[in-house]
Amino acid sequence: MKLSRCLVPALLLLGSHIVGAQAADKPLRIAVDPTFPPMEYIDQDQHTGFDIELAHALAKELKRTVQFVDIDYKGLVPAVLANRADIALSAIYITDERKKVVDFSDPYYAGGLVIMVQKNNQTINGPKDLAYKKIAVQVGTKSVQFVKEHFPKAQVFEVEKNQEMFNMLETGRANAVVTGKPAAKLYARVRQTTRVLDEQLTVEQYGVVVGKNHPELTQR
């Protein structure tokens, strides 16, 4: 998944204000959880993926170098709040709950939650089939609360990493995974052992997280 040129301007509302607020010779500290291909992951010891390309494009516009700060997904927003990172750019959904503590850039990608099951599973063909099933979700993501609210009779397993979810599904310890569409689609295409259901659970927008104590970072 390559970075489209049309997406860069949406993020450049962060642009000259970051340069003005901080010394241009300081690296731009970007919090990421590089375990979510194709958005961000490690390949041959290098950060890569859609969000990584976007981060480099943003830093280039700002005439700054990039310093990636690897953090588990649930710690991305806290990292910005604690000033461990300047921004977080890691497939983070824009939500009203998160807006209470941080600000966001304009949306740069439309994602959403989907259901993934084993390829030969014929008992789960839509959301209505998830009742009483074992569902794996990644801690700190919107999937957790969504599944608990909409499928209260399901057994929910919260794991730290995307790969743990997929492993649970492959080994039969979970009947389904609820996760972001880009990662699920890529995994199903590459592995050929799972399938993503056609009916999408939600449509969500990804945005860049910045701290409320730096309003200049999101001024237009």
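This report describes the confidence, sheet, aromatic pairs and nonpolar cores of a predicted protein model.

## Model and overall composition

The model is predicted, with a mean pLDDT of 89 for the protein and with 86% of its residues reaching 70 or more. Two stretches call for caution: pLDDT stays under 50 over residues 1-6, for which the model has 12 contacts beyond four places in sequence, and pLDDT also stays under 50 over residues 15-21, for which there are 14 such contacts.

The protein has 8 helices and 15 strands, and of its 220 residues 50% count as buried. Among contacts between residues at least 6 apart in sequence, 70% join residues at least 24 apart.

## A five-stranded open sheet

An open sheet is formed by 5 strands in the order β11-β10-β12-β9-β13, with mixed pairing. Its edge strands are β11 (155-159) and β13 (194-196), each of which pairs on one side only. On average, neighbouring strands of this sheet are turned by 30 degrees against each other, direction ignored. Strands of a sheet pair through backbone hydrogen bonds, either parallel or antiparallel.

Strand β9 (residues 113-118) runs antiparallel to β13 and is joined to it by 3 bridges; Met116 stands opposite Val196 in β13. Helix α6 (residues 142-150) lies across β9, β10 (134-138), β11 and β12 (176-180), and runs at about 150 degrees to β10.

## Aromatic pairs around Tyr206

The structure holds 7 aromatic pairs. In one of them, the rings of Tyr108 and Tyr206 have their centres 6.3 Å apart and their planes at 40 degrees, so this pair is tilted. Because Tyr108 lies in the loop between β7 (102-104) and β8 (109-111) while Tyr206 belongs to strand β14 (residues 204-206), the pair ties together parts that are 98 residues apart in sequence. Tyr108 is buried, with a relative accessible area of 3%, and Tyr206 is likewise buried, with a relative accessible area of 1%.

Tyr206 also forms an aromatic pair with Tyr109, and this one is stacked, at 5.5 Å centre to centre with 15 degrees between the planes. Since Tyr109 lies in strand β8 and Tyr206 in strand β14, this pair ties together parts that are 97 residues apart in sequence. Ring pairs link Tyr108, Tyr109 and Tyr206, together with Phe50 and Tyr93, into a cluster.

## Nonpolar cores

In soluble globular proteins, nonpolar side chains tend to be buried together. Here the largest nonpolar core has 53 residues, and those with the most contacts inside it are Ile30, Tyr108, Ile115, Met116, Val178 and Tyr206. Elements that each supply at least two residues of this core are β1 (28-32), α3 (50-62), β9, β10, α6, α7 (162-170), β12 and α8 (181-191), and α3 gives the most, with 7 residues. Tyr108 and Tyr206 thus appear both in the aromatic cluster and among the residues with the most contacts inside this core, while Met116, also on that list, is the residue standing opposite Val196 in β13.

Leaving aside its neighbours within four places in sequence, Ile30 is in contact with Ala55, Val66, Gln67, Phe68, Val69, Ile87 and Leu89. Apart from the largest core lies another core, of 15 residues, which includes Ala31, Val69, Ala88 and Ile92. Val69 is therefore a member of that other core as well as a contact of Ile30.

Conventions
Residues numbered from 1 in each chain as written. Predicted model: local features only at pLDDT ≥ 70, side-chain atom pairs only at ≥ 80, totals over all residues. Heavy atoms only, no water. pLDDT = per-residue confidence, 0-100. Contact = heavy atoms within 4.5 Å. Pairing = 2+ DSSP bridges. Helix = DSSP H or I, 4+ residues; strand = E, 2+ residues; numbered from the N terminus. Axes fitted to C-alpha atoms, helices over the stretch in contact; angles between N-to-C directions. Phe/Tyr/Trp six-rings, centres within 6.5 Å; stacked < 30°, edge-to-face > 60°. Buried < 20%, exposed > 50% of the residue type's maximum accessible area, 1.4 Å probe, protein only. Core = buried A, V, L, I, M, F, W, Y, C linked by side-chain atoms within 4.5 Å.
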